[in-house]
Amino acid sequence: MEVWTEQFMTKDLDKLFDEVMDELLGADNYADCALGSSDETEKKLFSEMAKQELSHSHNLREIIANRVAKISTDVDNCKAIHAYLKGKWDEYERKITYKISQIK
């Protein structure tokens with residue numbers, strides 16, 4: 001029964017992996033909108049929206065890390081996939097954070 005539970009968890013993780021990327025893409029898009037706007041109110045709103053999306057991504061990543069840690073064996077290579085994606089997400093998040101820091 002334990003293995004079945006872990007296999008079920010990996011299917012759910014796949015959806016969460018996609019959700020993290022969606023949040024990062026949204027944050028990147030909002031950062032671009034803020035950088036491209038000449039209106040101060042828009043810049044501020046887009047910047048805040050980008051930060052919110054990054055926060056959502058962070059929360060999802062924490063949920064994923066907790067679930068992956070509970071998997072006793074690397075069912076469907078989830079631990080390896082998570083390690084790979086974590087590196088990619090970290091890099092993308094740094095780029096977005098830099099963009100947000102450039103909004104003036």
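# A tour of a three-helix chain

Select Glu19: this residue is partly exposed, with a relative accessible area of 36% (buried means under 20%, exposed over 50%, partly exposed in between, with a 1.4 Å probe and protein chains only). The model is predicted, so local features need pLDDT of at least 70 and side-chain atom pairs count only at pLDDT 80 or more, while totals for chains, interfaces and linings use all residues. Residues are numbered from 1 along each chain as its sequence is written, and side-chain values use heavy atoms, with hydrogens and water left out.

Glu19 sits in helix H1. Add Leu60 to the selection: it is 41 residues from Glu19 along the chain, and the two C-alpha atoms are separated by 7.7 Å.

**Whole chain**

Now colour by secondary structure. The protein chain has 3 helices and 0 strands (helices are DSSP runs of H or I with at least four residues, strands are runs of E with at least two, and both are numbered from the N terminus). Read from the N terminus, the order is α-α-α. Of the 104 residues, 33% count as buried. Among contacts (heavy atoms within 4.5 Å) with a separation of 6 or more, 80% are made by residues 24 or more positions apart.

**The core**

Next, select Leu13, Leu24, Ile64, Ile96 and Ile100. These have the most contacts inside the largest nonpolar core, which has 20 residues (such a core is a set of buried Ala, Val, Leu, Ile, Met, Phe, Trp, Tyr and Cys residues joined through side-chain atoms within 4.5 Å). The elements giving two or more residues to this core are H1 (2-36), H2 (40-70) and H3 (78-101). H1 gives the most, with 8 residues.

Centre on Leu24. Leaving out residues up to four places away in sequence, Leu24 touches Leu54, Ser57, Trp89, Tyr92, Glu93 and Ile96.

**H2 against H3**

Show H2 and H3 by themselves. Their axes come within 11 Å and cross at roughly 165 degrees (axes are lines fitted to C-alpha atoms, for helices over the stretch in contact, and angles run from 0 to 180 degrees between N-to-C directions). That angle makes H2 roughly antiparallel to H3 (angles over 145 degrees count as roughly antiparallel, under 35 as roughly parallel, 65 to 115 as roughly perpendicular and the rest as oblique).

To display the contact, select Ser47, Ala50, Lys51, Leu54, Arg61, Ile64, Ala65 and Val68 on H2, then Lys79, His82, Lys86, Trp89, Asp90, Glu93, Ile96, Thr97 and Ile100 on H3. By class, this contact has 8 nonpolar, 3 polar and 6 charged residues (Ala, Val, Leu, Ile, Met, Phe, Trp, Tyr, Cys and Pro count as nonpolar, Asp, Glu, Lys and Arg as charged, and the others, Gly among them, as polar).

**Two alanines of H2**

Go to Ala50, in helix H2. Ala50 is buried, with a relative accessible area of 0%. Apart from neighbours within four places in sequence, Ala50 is in contact with Ala27, Tyr30, Ala31 and Ile100. Ala50 and Asp28 are 22 residues apart in sequence, and their C-alpha atoms are 6.8 Å apart.

Finish at Ala69, also found in helix H2. Ala69 is exposed, with a relative accessible area of 62%. Select Lys79 as well: the C-alpha atoms of Ala69 and Lys79 are separated by 8.2 Å, with their positions 10 residues apart along the chain.
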